[in-house]
Amino acid sequence: MSPLAHRRFLKMNGLGNEIVVLDLRGSDVRVQPAEARAIAADPASRFDQMMVLHDPVTPGTDAFVRIYNTDGSEAGACGNGTRCVAWAMLDDPAMARPPLGENLLLETRPGLLAVVRVSPVDFTVDMGRPRLRWDEIPLAEPFPDTRRIELQVGPIDDPVLHSPGAVSMGNPHAVFFVERDPDSYDLARVGPLLECHPIFPDRANISLARVLDRGHIRLKVWERGAGLTRACGTAACAALVAAARLRLTDREATVTLPGGDLRIVWGEDDHVRMTGPTELEHEGTFAPSLFEAAA
Ligand SMILES: N[C@@H](CCC[C@H](N)C(=O)O)C(=O)O
């Protein structure tokens, strides 16, 4: 039987980005990709990302968090999920471990994330420094300037999408700036092709960004390993960074996604901070039968 059978989980969302939080602290259980896919396929535990809590690795941190996409792949970062983890670790009766104050320090594969509570359900996450060098993103070939990389969709002399900014927020992002409403593009069709384009050796999250004014971006995201989602925190950070690098916006903006608004600030200390809400939907336990096909 899978060690995940009968485990309790929380189904949450961050602006409609579907998140499952699973606490594996105190055990050495690791989620296998097939188990993650089985959990995502069940309507009760459907997720865009599953945030799995493990015992802290670095002294002074509150937990080590592994992040799984719907397709079972692991992601280095998830902004909306990080806020949900913070809520769970502070407020869920089974996951909260006093004495935790109102702040947390979480660790993920790429680094540390400091989280500050700003209301009962809103959190600010310090998402760290954007990585902008081609080999850090990573891209498959050298681009001295990642503000606009050579990549286009459509006819060579009249592309539909072209020259995205490339940014890593702990995970790879390509941000295409568009003139029309992002909903008027068929992102469900071009997203999978761009996600797996050979220029992105680790695949990439693909965003369409329309700058409404210097403090406001409208964004739609095709997520690596998860598809179209209602919100993506790291994509919102990447879009603000890509836009500010091109002087299209200031270093602070509201990013409006299908699920709602995130406030993003790229500070003078080079750290990107994201503020947004969390919502608890329900809790549940994984039925053993969920994992039969995954065994
Ligand atoms: N929804 C997340 C980002 C999820 C990770 C992504 N699909 C990847 O593989 O990098 C967010 O809120 O940041």
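Helices and strands here are DSSP runs, numbered from the N terminus. By that scheme, Cys 232 sits in the loop between strand S15 (227-229) and helix H4 (233-245). The model is predicted.

**The annotated cysteines**

An unreviewed UniProt entry marks Cys 78 and Cys 232 as "active site". The two span 155 residues in sequence, yet their C-alpha atoms are no more than 7.5 Å apart, so they gather at one spot. Both Cys 78 and Cys 232 help line the largest cavity.

Cys 78 also occupies a loop, the one between strand S5 (74-75) and helix H2 (79-91). Residues under 20% relative accessible area count as buried. Cys 78 is therefore buried at 4%, and Cys 232 is buried at 5%.

| Residue | Relative accessible area | Contacts beyond four places in sequence |
|---|---|---|
| Cys 78 | 4% | Ile 19, Gln 49, Met 51, Ile 67, Thr 234 |
| Cys 232 | 5% | Asn 17, Asn 80, His 173, Val 221, Glu 223, Leu 257, Leu 262 |

**The nonpolar cores**

The largest nonpolar core has 56 residues. Val 21, Val 85, Leu 106, Leu 219, Leu 257 and Ile 264 touch the most other members. Helix H4 gives the largest share, ten residues. Domain 1 (8-128 + 279-291) and domain 2 (152-270) both contribute, so this core lies between them.

Take Leu 106. Beyond four places in sequence, Leu 106 touches Ala 63, Val 65, Thr 82, Val 85, Met 89, Gly 111, Leu 112, Leu 113 and Val 115.

Another core, of 21 residues, lies apart from the largest one. Its members include Leu 151, Phe 176, Tyr 185 and Leu 208.

Conventions:
Residues are numbered from 1 along each chain as its sequence is written. This is a predicted model: local features need pLDDT of at least 70, side-chain atom pairs count only at pLDDT 80 or more; totals for chains, interfaces and linings use all residues. Side-chain values use heavy atoms; hydrogens and water are left out. UniProt positions are given in the numbering used here, feature names are shortened, and annotations may be inferred rather than shown by experiment. On a 1 Å grid over the protein atoms alone, a cavity is a set of points where a 1.4 Å probe fits but cannot get out, and a pocket is an open set with protein on both sides within 12 Å along at least five of seven lines; lining residues have an atom within 4 Å of a point. Helices (H or I, at least four residues) and strands (E, at least two) are DSSP runs, numbered from the N terminus. Buried means under 20% relative accessible area, exposed over 50%, partly exposed in between (1.4 Å probe, protein chains only). Contact means heavy atoms within 4.5 Å. A nonpolar core is a set of buried Ala, Val, Leu, Ile, Met, Phe, Trp, Tyr and Cys residues joined through side-chain atoms within 4.5 Å. Domain bounds come from an automatic or database domain assignment.
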